[in-house]
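Open the model in your viewer and keep the selection tool at hand. The tour goes from a sheet to a helix and then to enclosed spaces.

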Amino acid sequence: MTEPLLITNGTVVTWEPGHDLIEQGAVYLSEGRVIEVGMSQDMERRYPQAQRLDAEGQLIMPGNICAHTHFYGAFARGMAIPGPAPKDFPEILQRLWWPLDQALDEEAVRYSTLVCLVDAIKHGTTTLIDHHASPNALAGSLDVIADAVEQAGLRAVLCYEVTDRYGPHSARASIDENVRFLQMASNRPNIAATFGLHASLTLSEDTLAASVDAAREFHTGFHIHVAEHEADEYDSLAKTGLRVVDRLHRAGILGERTIVAHCVHTDFREVELLRDTGTWVTHQPRSNMNNAVGVADVDGMLRAGVRVCLGNDGFSNNMWAEWKMAYLLHKVWHRDPRRAGGTQIIEMAIHNNAALASVFFPDAPPGLLMPGSAADVILVDYHPTTPLNAGNLPWHILFGFEASMVTTTICSGRVLMRDRRLLTLDEAAITARSREIVPEVWARYGAYAHKALQA
């Protein structure tokens with residue numbers, strides 16, 4: 001258990017609706033929770049024995065949350081795809097991501113996770129919802145990831161993606177890995193579990209039914225990609241006569257604990273089903289741009305009452321970069337500068353992400369700074385030349401914040417980075433070992449990618 005910590009002398013951003021910023025504010029953390037938020041002078045008198053951290057005028061903010069990511073993709077950086085460039089998203093899956101996930105062994109799973117966790121700490125992202133695949137290092141892979149998350153001191157929700165693309169034995173093993181980890185995760189305070197599914201286009205009716213049956217005793221939801229590309233909808237219509245969301249609804253996948261990523265090509269009735277079932281949608285603008293899959297109707301979904309969150313799909317854990325891309329992408333896509341305004345970005349990235357995280361960590365919900373919240377805090381060295389208040393803070397973030405401004409990252413009251421120095425992970429050692437193992441990963445990837453190219 002960490003020692004109580006009093007963070008003083010900063011501008012506190014609670015993100016509580018209707019609350020302004022607290023200048024010369026302080027936050028008192030104990031037993032992994034926020035105990036009190038108030039003025040520094042008052043709090044110093046109230047907690048004279050607490051260990052202190054002087055924010056020195058910085059912003060004191062909740063740690064950022066990523067609602068959908070893939071740790072396993074870290075070693076794709078700089079990797080060449082054999083043959084001509086993939087022409088569409090199905091080819092990207094077949095020639096990049098599916099060969100890469102097959103190339104991972106247990107050590108590569110561990111180090112690709114650690115690389116992402118270093119990135120998360122440095123960028124002030126303290127809660128991450130991951131979606132994993134490593135078919136040739138499957139059994140126990142979620143424990144490997146969880147061990148790395150605990151070593152880093154961060155908070156994560158983990159699952160293994162079930163798919164039929166490697167045959168029925170692998171699909172069954174994927175279901176078993178989710179079940180095993182759902183049974184074990186409750187013993188890990190900063191780790192939660194859900195049930196992973198890849199996407200409708202790689203799941204048979206039998207595997208969907210088996211997954212729902214296996215998950216039933218845990219009262220869990222699911223984490224699945226939905227309608228990222230038109231191919232997902234076409235496949236579902238061909239197999240079942242239903243669009244993807246309708247198919248998942250019929251199978252019993254949707255619900256208040258289920259996360260569906262992307263929803264770029266859902267129609268209005270699908271949006272209604274997502275709203276009516278309380279299903280969470282995650283938006284990943286950088287990934288959608290990179291894969292050229294189109295742009296989700298985020299404004300429309302929010303207006304319809306869908307709970308839309310913000311993830312990164314394996315891009316860097318600089319969530320403010322995702323904020324900025326979301327803010328800009330919808331404007332240029334619709335040729336309308338009123339789209340995806342700062343208010344909508346805050347709704348997704350702060351309030352909906354926090355509400356989603358609270359589903360998995362209800363005892364100390366992450367994402368806000370208020371009594372009872374998780375003691376997940378970042379210090380941001382931002383000193384604006386224009387007035388800063390709760391009303392214009394979103395636009396300060398969108399136009400003024402940079403990832404390099406994060407100086408201190410705290411999760412569950414434990415200081416993971418202070419004055420930009422990592423305290424729980426050895427970045428140099430992680431980088432050195434990653435460079436040693438990646439050539440073998442790339443060689444295995446190349447063999448699988450050439451097979452895909454010849455198929």
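**Helix and sheet**

Select residues 319-334, which make up helix α12. Helix α12 lies across strands β13 (280-283) and β14, and runs at about 125° to β14. Keep in mind during the tour that this is a predicted model.

Next, add the other strands of the sheet to the selection. In what order do the five strands stand? The order is β10-β11-β12-β13-β14, the pairing is parallel, and the sheet is open. Strands β10 (195-199) and β14 (307-310) are at the edges; each has a single partner strand, so one side of each has no neighbour in the sheet. From one strand to the next, the twist averages 25°.

Now zoom in on residues 222-226 and 259-262, which are strands β11 and β12. These two strands pair in the parallel sense over four bridges. To look at one bridge, pick Val 226 and then its partner in β12, His 262.

**The largest cavity**

How many cavities of 30 Å³ or more does the structure hold? There are three. Start with the largest, which has about 90 Å³ of space.

To find it, select its lining:
- Phe 89, Pro 90 and Leu 93
- His 198, Ala 199 and Leu 201
- His 225, Glu 228 and His 229
- Ala 231 and Asp 232

Colour α2 (89-103), β10 and α7 (230-240), since each supplies at least two residues of this lining. Which of the elements gives the most to the lining? It is α2, with three residues. Strand β10 has come up before, as an edge strand of the sheet. Coloured by class, the lining of the largest cavity shows six nonpolar, three polar and two charged residues.

**The second largest cavity**

Move on to the second largest cavity, where about 70 Å³ of space lies.

Select its lining in the same way:
- Trp 15
- Met 61, Pro 62, Gly 63, Asn 64 and Ile 65
- Ala 349, Ile 350, Asn 353 and Ala 354
- Gly 367 and Ile 378

Strands β5 (59-62) and β6 (64-69) and helix α13 (342-360) each supply at least two residues here. Helix α13 has the largest share of this lining, four residues. By class, the lining of the second largest cavity has eight nonpolar and four polar residues, and no charged ones.

Definitions and conventions:
Residues numbered from 1 in each chain as written. Predicted model: local features only at pLDDT ≥ 70, side-chain atom pairs only at ≥ 80, totals over all residues. Heavy atoms only, no water. Pairing = 2+ DSSP bridges. Axes fitted to C-alpha atoms, helices over the stretch in contact; angles between N-to-C directions. Contact = heavy atoms within 4.5 Å. 1 Å grid on protein atoms, 1.4 Å probe; cavity = no way out; pocket = protein on both sides within 12 Å on 5 of 7 lines; lining within 4 Å. Points joined across faces, edges and corners; volume = space filled by probe spheres on them. Nonpolar A, V, L, I, M, F, W, Y, C, P; charged D, E, K, R; others polar.
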